[in-house]
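Please look over the structure shown below before reading on. The report that comes after it is meant to be read with the sequence and the coordinates at hand.

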Amino acid sequence: MLETAVISGKGGTGKSSVSAALASLHERVVLADCDVDAANLYLLFRPDEESSESFCGGTKAVIDPDRCTGCLRCVALCRFGAIEPDGKVVSISEVSCDGCRLCARLCPEGAIRMVQQCDSRLVSGTFRYGELVYGRLAPGEENSGKLVGLIRDRARSLASRQGIGHILLDGPPGIGCPVISTISGTGRVLVVTEPSLSGLHDLQRAIAVCRSFGPEIQVVINKHDLNPEGSRKIIGWCGDNGLRVTARLPFDPLVVRAMSAGRTITEYAPDAPVSKKIRNLYDRLF
Amino acid sequence: MTIAIASGKGGTGKTFVSVNLFFSLSEEGRNVVLADCDAEAPNAAGFFDTQVLSATHIFQMVPVINEQACTWCGRCQEYCAYHAIFLVASMEVIRVQEDLCHGCGACLLACEDGAITEDKRSVGTVTQFNVPGHGVLTEARMQTGVMSPVPVIKAAITRARSLPGTLILDAPPGTSCPFIHTVAAADYVVLVTEPTPFGLSDLKQSLEVLKQLNKPAGVVINRSGTKDREMQAFLLQEHIPLLLDIPFERSIARDHSRGRLVAAGRADLQENFNGMYRKIRQYVGNGSHQR
């Protein structure tokens, strides 16, 4: 079973457009949308036979004002600035609470309890090229990395149950916890970059994170013709650092139009130059 | 007044709006401060000629275990909500997974043998830049390999807030902790979106979160064109102000991608950004929040 993760240091480089197109070139694939903050692929592929289950992420401290004596021990203990004196008692900010439970453990009155946040969901279903798994992190929920881990477990079990050889992971933007969960233990990572001012810089940060996990790394430059000089710099840097630039994709407004029409670019405009490049990329990868 | 520029998905043009708004307001002679809170991919500084004013490492505390004093009782492991302490008592092995540690200090209080002390671990930097003629830019930058950008973001906002003027926060993408910690500091949130089904879906999710946080919000449609009627209809129906509509122009995409401030050469865009600011001031109550 081969897992390929598609990531990008910053958002908006076209990562999901590329993953979606690569998925639509497969006969059968398990596509895992690991962007749990802004899952989008289900909008494009509209899977059916969905199974949906709730996911409990972190916990948050909740004060019982009737038991609170206002001793303020919790205020002194909390390192996240989440607890403030509020009249004769305290109030706990749900936003700032990190869920460490120290206040709940040490409150002399037992006035603080931890409440689990279970509004996130893990969803899977069949779509036109195989199975789609995605997560929806509840607003403000922690533990996005854990939800990504569950998405990947589900993707693997679907793949082995149905004899599907490829899992494609569409990663979240950035280089933090959910990205690390997406790439750890995958065989191959495709980093989609663009030749913007910050493209190379974001690429370097993404590669630095990938390298600590040791997968095979390939680079795709999207919208390369928007800034040919920037593209040359990226290619030069990749060459110097032993990285392969597997594809350079041209900027094409059809990509956005295809998405608006609910199709991948290779479905919508199979003869467009960008679609041909993506097919070449597919042939080299799978 | 503090304005956060945010979006559910990445790449909709948050940084484009942030840097051009900062530029346009300062061109009109307003006192304005920009904070780049996208600590995982900070990009705003590249659009300006800058001079570094200060650079500060941001630290988080991590436990240090004195194995001579440890009695392998396991209380620290039990107290750790983040599974950052690995212990095999029978083999007398104890390790701290620093990247999982959130620095809450629970293990320190759990230990009854005085075997745990703390040390500092760098999680990133906050850099303040002077942008001559325009104001100060504060950048949050998470170190690679660190799990959460939140401590660096909070430190950057605190620093930026100590300066006088309208504060613009370039928020991280998404709707989880990094986003929430940024918008929590704002009086008004500008959501930048694009007229695609993805853009609309992410916008709805962001609006839902902001409603829960009780934050007023307006929308900028970036790369707008003829096909965004669905988006406009949604905004009308939900009574969400459309603050600005930035047309899809290849020249804007190209110039921004090359690191140019598009508003610098476009009086019309500059005026649009200033107009947006005036609208926001009205929404927040005629500038009554202004420091």
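The text below goes through confidence, chain B as a whole, two helices, ring pairs, the nonpolar core, one strand residue and some backbone angles.

## Confidence and overall layout

This is a predicted model. In chain A the mean pLDDT is 93, and 100% of the residues score at least 70. Between the elements of chain A there is some spread: strand β2 (residues 29–33) has the highest mean pLDDT, 98, while α9(A) has the lowest, 87. Where pLDDT is low, predicted coordinates should not be read in detail.

Chain B contains nine helices and eleven strands. Its C-alpha trace spans about 70 × 40 × 40 Å along the principal axes. Of the 291 residues in chain B, 59% are buried. Taking contacts in chain B between residues at least 6 apart in sequence, 74% join residues at least 24 apart.

## Two helices

The table sets out one helix from each chain.

| Helix | Number of residues | First to last C-alpha | Expected at 1.5 Å a residue |
|---|---|---|---|
| α5(A), residues 144–162 | 19 residues | 27 Å | 27 Å |
| α6(B), residues 197–213 | 17 residues | 25 Å | 24 Å |

For α5(A), the span is close to the expected value, and the span of α6(B) is also close to its expected value. Buried residues of α5(A) include Leu147(A), Val148(A), Ile151(A), Arg152(A), Ala155(A), Leu158(A) and Ala159(A). An α-helix has 3.6 residues a turn, so residues three or four places apart point the same way. In α6(B), the buried residues include Phe198(B), Leu200(B), Leu203(B), Leu207(B) and Leu210(B).

What is the sign of phi just after α5(A)? Gly163(A), in that place, has a positive phi of about 65°. After α6(B) comes Asn214(B), and its phi is positive too, near 65°.

## Aromatic rings and charges

How many aromatic pairs does a search of the whole structure find? Over all chains, the search finds nine. In one of them, the ring centres of Phe251(A) and Phe248(B) are 6.4 Å apart and the planes meet at 15°, so the pair counts as stacked. Phe251(A) is in the loop between β13 (244–248) and α9 (254–260) of chain A, and Phe248(B) is in the loop between β11 (242–247) and α8 (250–257) of chain B, so this pair joins two chains. Phe251(A) is buried at 17% relative accessible area, whereas Phe248(B) is partly exposed at 37%.

Another pair is made by Phe22(B) and Phe48(B): the centres are 5.4 Å apart and the planes are at 85°, so the pair is edge-to-face. The two residues are 26 apart in sequence, with Phe22(B) in helix α1 (residues 14–27) of chain B and Phe48(B) in the loop between β2 (32–36) and β3 (51–65). Phe22(B) is buried, with 0% relative accessibility, and Phe48(B) is buried at 10%.

In chain A, ring pairs link Phe45(A), Phe127(A) and Tyr129(A) into a cluster. Charged side chains also meet rings. Arg188(A) lies over the face of Phe286(A), 5.3 Å from the ring centre. In chain B, the charged end of Lys120(B) is over the ring of Phe59(B), at 4.5 Å from its centre.

## The core and a strand residue

The largest nonpolar core has 79 residues. The members that touch the most others are Val191(A), Leu203(A), Leu169(B), Val189(B), Leu191(B) and Leu203(B). Beyond its neighbours within four places in sequence, Leu203(B) has contacts that include Leu191(B), Val219(B), Met231(B) and Phe234(B).

Val123(B) belongs to strand β6 (residues 116–131) of chain B. Is Val123(B) buried or exposed? Its relative accessible area is 0%, so Val123(B) is buried. Leaving aside neighbours within four places in sequence, its contacts include Ile58(B), Phe59(B), Met142(B), Val146(B) and Val152(B).

## Positive phi in two loops

Arg101(A) is not a glycine, yet its phi is positive, about 65°. The residue is in the loop between β6 (89–92) and α4 (102–106) of chain A. Arg101(A) is partly exposed, with a relative accessible area of 32%.

Lys223(A), also a residue other than glycine, has a positive phi near 55°. Its loop runs between β12 (216–221) and α8 (228–240) of chain A. At 18% relative accessibility, Lys223(A) counts as buried.

Terms used: Residues are numbered from 1 along each chain as its sequence is written. Chains are lettered from A and ligands numbered from 1 in the order in which they are written. This is a predicted model: local features need pLDDT of at least 70, side-chain atom pairs count only at pLDDT 80 or more; totals for chains, interfaces and linings use all residues. Side-chain values use heavy atoms; hydrogens and water are left out. Rings of Phe, Tyr and Trp (its six-membered ring) pair if their centres lie within 6.5 Å; planes under 30 degrees apart count as stacked, over 60 as edge-to-face and the rest as tilted. Helices (H or I, at least four residues) and strands (E, at least two) are DSSP runs, numbered from the N terminus. Buried means under 20% relative accessible area, exposed over 50%, partly exposed in between (1.4 Å probe, protein chains only). A charge sits over a ring if NZ of Lys or CZ of Arg is within 6 Å of the ring centre and within 35 degrees of the ring normal. A nonpolar core is a set of buried Ala, Val, Leu, Ile, Met, Phe, Trp, Tyr and Cys residues joined through side-chain atoms within 4.5 Å. Contact means heavy atoms within 4.5 Å. pLDDT is the predictor's confidence in each residue, from 0 to 100. The expected span of a helix is 1.5 Å times one less than its number of residues.
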